[in-house]
Amino acid sequence: MKKIILISLFSTIGVMSHAQIHQSVNRDTLMTQRTYNLNPIVVTGSGHHQRLKSTTTPVHVLSSQEIKEQGLTTLDAALTRMMPQVSMAPNSMGTFLRLNGLGNKYILILVNGQKLTGDISNNVDLNRINMARVKRIEVLDGAASSLYGSDAIGGVINIITDQPADQLVSVTNNTRVSGEGQLTEAVNVDVYTKGFGSYTSFSHDRADSYQTTHWEYKKGSDTEIQETIAPLFTGYRSNIFAQKFTYTPNRKLAMNAGIEYFRKITDRPNTNADITGGTDYEMRYRGLRWNVGGIYKLTNRHSLQADFVIDRFRYGKEYDVVTKDYQIGDYVQSKKQRSVEAELKAILGFFKHATTIIGANWRQDRLTATSGNIHQAAYTLAAYAQHEHRFLKDMTATIGLRYTHHQTFGDRLTPKFTVMYAPGNFRFRASYSAGFRAPGLDEIYYHYFSVNRGKAQIIFGNPNLKPEKSHYFSVNAEYRHERLAVSVTGFINRINDMVVRQDIEVDANTLVMLRQEFPEMTDDQASKLQRYSLYQNSDKGDVKGVLVNISANLFKGFNLSANYAYTCARTKSGDEWITLERSIRHAATIAANYHHTWRHYGLHVNLNGKLQSKTYYTSYEDAPGFGVWNLNTVHTFRPSKWLLLEPSIGLENIFNRVDRRIDSSNRKYALYSPGRMLVIGLKVKFN
């Protein structure tokens with residue numbers, strides 16, 4: 001680890017930064033762009049657009065420029081490489097996401113402020129995000145239920161998409177190729193004229209399955225090993241088609257409507273009688289999402305906003321091996337979800353230095369799970385209000401309150417209070433926010449039975465569950481200048497009534513009950529059944545941490561950023577506190593950029609690294625820490641005023657860091673890289 005840190009230090013010192021290149025670039029424009037990146041416009045923290053330095057709630061922002069500099073084409077890569085408090089573990093059931101120690105079900109994923117539906121075992125399918133359309137990614141740490149309702153206990157990730165309105169016609173094709181069969185192809189066609197905009201996009205993403213070791217321990221043994229074809233990373237093929245229309249007939253009214261179709265299928269090794277690790281089927285996913293909305297400006301200070309969204313998501317098994325019950329190509333649906341959401345919001349400026357938000361929200365979630373024997377729906381009604389006011393000279397306070405009525409769990413109030421003192425370039429913030437999470441329909445109604453390798457698996461939901469509740473406290477100190485931004489945040493997030501799946505030992509009486517509930521269980525399966533699972537409110541959570549963010553424009557063409565996260569995440573079941581599963585104590589990201597322009601040619605060089613301490617596992621060996629460094633270069637050519645060419649070439653995992661430990665089939669890893677890879681890309685834009 002010392003060697004990694006030394007290499008990281010020298011690499012950071014030895015590399016320079018970049019600034020975004022446009023059609024006619026000059027040094028002043030580059031500095032202006034960098035200054036903007038240190039103080040961008042954000043919306044997630046307060047619910048309305050304002051400069052980052054003006055928001056009373058700290059928000060982390062990843063711009064499209066930063067994403068381009070590092071050559072990133074997936075959301076999980078952008079978050080993990082650039083934000084140390086985020087970690088992910090990919091698998092066939094979706095990407096397991098953690099933010100400040102808390103897992104998927106506590107993190108709310110939004111697209112333009114609207115919730116993204118569709119999860120596999122509580123893992124939101126991040127492949128549904130088309131990165132070619134991303135303008136910026138805003139990450140809000142901690143509870144945000146006063147604005148966003150349930151599921152926002154751990155934080156909010158809001159993906160803001162781009163609909164340019166400065167060109168009549170624009171066609172962009174972006175291709176990226178790297179090792180292990182990884183390919184991303186994205187095409188955007190944009191038309192904007194006389195207030196009407198049409199934005200069409202298609203993206204194809206694919207990757208092969210891969211291993212870092214061909215061996216695993218035999219089941220029940222810590223010494224005997226056997227060969228396996230089980231992948232560490234599960235390959236896939238995915239396609240996204242999206243169409244969005246906007247219409248702005250005048251300065252007061254703006255309307256939009258869009259539809260998006262998503263399809264993905266895994267690509268795993270097939271079952272092999274001579275070696276373990278293969279599967280009889282692939283997982284197939286489909287999503288269809290459409291929305292309509294609009295904003296009407298009553299005056300420059302008052303506006304009304306309305307949105308309506310329907311989001312459908314389903315997945316199941318598509319067989320590619322002949323089995324006793326299925327033929328090749330047969331599809332068996334596992335889960336189908338649908339959400340319908342309507343929101344009306346007023347953003348009002350009654351006073352010169354104040355903004356008031358009043359809103360109402362209705363949402364219905366429906367779940368059909370064949371394997372879990374569920375066909376249920378639940379709705380929520382909510383009303384919320386937030387008032388932000390600057391008083392005295394440098395003091396700003398925000399007070400918010402949300403009332404939520406859940407069909408199953410009744411009424412809930414979630415308040416929020418923040419205060420900011422802003423003398424000159426300094427900002428000092430303190431905040432408190434309450435959060436809650438209503439248990440999912442699967443956690444309430446599951447009646448699940450399946451057979452895996454001859455063993456029965458049984459999971460029961462629990463209609464007597466209580467909502468999970470949290471209290472989030474944070475303090476923040478920040479200095480922000482056109483050339484330098486430094487931010488330090490300390491936080492505590494305490495959660496009560498955490499819903500967990502507990503294993504219960506099977507005795508003679510419970511076995512009789514289980515056989516009555518699941519008559520399809522055979523005598524042989526019943527004889528091997530040792531435990532079943534039941535969702536219960538049993539645990540408490542306690543997450544404490546410190547976040548440090550530094551970004552500097554040291555001189556023209558040179559930028560350096562460094563981010564550090566310390567997280568102590570624990571959970572308590574009974575009287576014992578234990579470290580939260582998959583949590584990470586120390587993590588850091590570093591990026592250095594260099595840019596220079598010679599007439600019609602621009603050069604971007606980016607070196608970035610992720611350093612991470614060990615990952616904690618409760619029942620298995622902890623995964624070791626690592627340090628991974630990546631180099632990416634972008635070369636921008638403007639041969640004519642209507643054509644832009646941007647070839648790129650880079651090297652991922654420069655020092656070839658790979659976790660080659662022999663593990664059980666549970667695959668408890670932290671580093672999922674296959675090793676050093678060459679990355680080549682090409683962006684072509686006609687406008």
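Helices (H or I, at least four residues) and strands (E, at least two) are DSSP runs, numbered from the N terminus. This is a predicted model, in which local features need pLDDT of at least 70 and side-chain atom pairs count only at pLDDT 80 or more, while totals for chains, interfaces and linings use all residues. Residues are numbered from 1 along each chain as its sequence is written, and side-chain values use heavy atoms, with hydrogens and water left out.

**Whole chain**

Start with everything displayed. The protein has eight helices and 39 strands. Its C-alpha atoms fill a box of roughly 75 × 55 × 50 Å along the principal axes. The radius of gyration (over C-alpha atoms) is 25 Å, which agrees with the value near 26 Å for a compact globule of 687 residues; the globule rule is 2.2 Å times the number of residues to the power 0.38.

Colour by accessibility next. Buried residues make up 54% of the 687 residues, where buried means under 20% relative accessible area, exposed over 50%, and partly exposed in between (1.4 Å probe, protein chains only). The protein exposes about 30700 Å², with carbon and sulfur atoms supplying 56% of it; the areas come from the Shrake-Rupley method with a 1.4 Å probe, and for residues only the protein chains shown count as cover. Among contacts (heavy atoms within 4.5 Å) between residues at least 6 apart in sequence, 64% join residues at least 24 apart.

**Asn-100**

Select Asn-100, in the loop between β5 and β6 (102-103). At 5% relative accessibility, Asn-100 counts as buried. Show its side chain together with that of Asp-141: a polar contact of 2.7 Å joins the two. A polar contact is a pair of N or O atoms within 3.5 Å; within protein, one must be able to donate a hydrogen and the other to accept it, and residues adjacent in sequence count only if both atoms are side-chain atoms. Beyond its neighbours within four places in sequence, Asn-100 also touches Gln-85, Phe-491, Val-543, Leu-547 and Thr-567, among others.

**Helix α4 and the cores**

Move to residues 75-82, helix α4. Seven of its eight residues are buried, so α4 is largely enclosed by the rest of the structure. The buried ones are Leu-75, Ala-77, Ala-78, Leu-79, Thr-80, Arg-81 and Met-82.

Which residues have the most contacts inside the largest nonpolar core? They are Leu-79, Ile-137 and Ile-157, in a core of 26 residues. α4, β4 (86-91), β5 (94-99), β7 (107-111), β11 (134-141) and β12 (155-161) each supply at least two of its residues, and the largest share, five residues, comes from α4. A nonpolar core is a set of buried Ala, Val, Leu, Ile, Met, Phe, Trp, Tyr and Cys residues joined through side-chain atoms within 4.5 Å.

Centre on Ile-137. Outside its neighbours within four places in sequence, its contacts include Leu-75, Ala-78 and Leu-79, as well as Val-61, Met-131 and Ile-157. A second, separate core of 15 residues includes Leu-108, Tyr-148, Ala-152 and Val-156.

**The five-stranded sheet**

Switch to cartoon. Five strands form an open sheet in the order β3-β11-β12-β7-β8, with mixed pairing. Two strands pair if DSSP finds at least two bridges between them. The edges are β3 (60-63) and β8 (114-115); each has a single partner strand, so one side of each is left without a neighbour in the sheet. Inside the sheet, β7 and β12 pair in the parallel sense over five bridges. Leu-108 has Val-156 in β12 as its bridge partner.

**β20, β21 and β22**

Select residues 281-297 and 303-319. These are β20 and β21, antiparallel strands joined by 17 bridges, and a hairpin connects them through five residues. Leu-288 has Arg-312 in β21 as its bridge partner. Add residues 331-348: 16 bridges join β21 to this strand, β22, again antiparallel. Ile-310 stands opposite Val-340 in β22.

**Asn-608 and Gln-457**

Go to Asn-608 in strand β36 (residues 601-612). At 1% relative accessibility, Asn-608 counts as buried. A polar contact of 2.9 Å joins its side chain to that of Asn-606. Among its contacts outside four places in sequence are Gln-70, Arg-81 and Trp-629; Arg-81 is one of the buried residues of α4.

Finish at Gln-457, in strand β29 (residues 455-460). Is Gln-457 buried or partly exposed? At 36% relative accessibility, Gln-457 counts as partly exposed. Leaving aside neighbours within four places in sequence, Gln-457 is in contact with Tyr-448, Phe-449, Ser-450 and Asn-452. Its C-alpha atom is separated by 8.1 Å from that of Leu-529, 72 residues away along the chain.
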